[in-house]
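User: Please take a close look at one part of this protein, the aromatic ring pairs. I would like one connected account, with enough of the overall fold to place them.

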Amino acid sequence: MRTILNVIWLVLSGFWLFLAYLAAGLILCITIIGIPFGVAAFRIGVYALWPFGYTTVERRDAGAPSCVGNVLWLVLAGWWLALGHIVTALLLCITIIGIPFGVANFKLIPVSLFPLGREIVPTDEPFAAR
């Protein structure tokens, strides 16, 4: 079932989300300071490409720099991204067919708010990465 949902997601919105996060990551990687944020944007983009069957977990070894980076990300870009995912998810949840895709957008909100110090893992093994 998740393969069918991933293919429909890819055709309707996943590919465009992936391209947007990829472009943002490339722009962020231009400067040395922006490289961690660019890598985080690439991670979100891959997660946005195939959201069904995957989840995010916190990395316990992330440390204080990722906390500071998450605060910067939240202030500069994270809340805009989360707001966009919230609006899109609510619009998708209006129809019965769109509910799984709305839920996928809701899954993207935490990682778009705080992307540093997170890892994407299959839902079968959410605690294996720890």
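Analyst: In this predicted model, residues 24 or more positions apart account for 74% of the contacts with a separation of 6 or more. The aromatic pairs discussed below are also links between distant parts of the chain, but the fold comes first.

The protein has four helices and two strands. Read from the N terminus, the order is α-α-β-α-α-β. The radius of gyration is 15 Å, close to the 14 Å that the globule rule gives for 130 residues, so the protein is as compact as a globular protein of that length. Along its principal axes, the C-alpha trace spans about 40 × 30 × 20 Å. Of the 130 residues, 33% are buried. The exposed surface comes to about 7,700 Å², with carbon and sulfur atoms supplying 77% of it.

Now to the rings. A pair of aromatic rings is described by the distance of the centres and the angle of the planes. The structure holds six aromatic pairs, among them F37 with W73. The ring centres of F37 and W73 are 6.2 Å apart and the planes stand at 20°; planes under 30 degrees apart count as stacked, so this pair is stacked. F37 sits in helix α2 (residues 35–49) and W73 in helix α3 (residues 64–92), and the two are 36 residues apart. The pair therefore links distant parts of the chain. Buried means under 20% relative accessible area; F37, at 15%, is therefore buried, and W73, at 6%, also counts as buried.

Another of the pairs is F52 with F101, with 6.0 Å from centre to centre and 85° between the planes. Over 60 degrees counts as edge-to-face, so that is the class of the F52 and F101 pair. F52 lies in the loop between α2 and β1 (54–58), while F101 lies in helix α4 (residues 99–113), so the pair ties together parts that are 49 residues apart in sequence. F52 and F101 are both buried. Ring pairs also bring in W9, linking it with F52 and F101 into a cluster.

To put the two described pairs side by side: F37 and W73 are stacked, whereas F52 and F101 are edge-to-face. One joins helix α2 to helix α3; the other joins the loop between α2 and β1 to helix α4.

Note on methods:
Residues are numbered from 1 along each chain as its sequence is written. This is a predicted model: local features need pLDDT of at least 70, side-chain atom pairs count only at pLDDT 80 or more; totals for chains, interfaces and linings use all residues. Side-chain values use heavy atoms; hydrogens and water are left out. The radius of gyration is taken over C-alpha atoms; the globule rule is 2.2 Å times the number of residues to the power 0.38. Buried means under 20% relative accessible area, exposed over 50%, partly exposed in between (1.4 Å probe, protein chains only). Contact means heavy atoms within 4.5 Å. Accessible areas come from the Shrake-Rupley method with a 1.4 Å probe; for residues, only the protein chains shown count as cover. Rings of Phe, Tyr and Trp (its six-membered ring) pair if their centres lie within 6.5 Å; planes under 30 degrees apart count as stacked, over 60 as edge-to-face and the rest as tilted.
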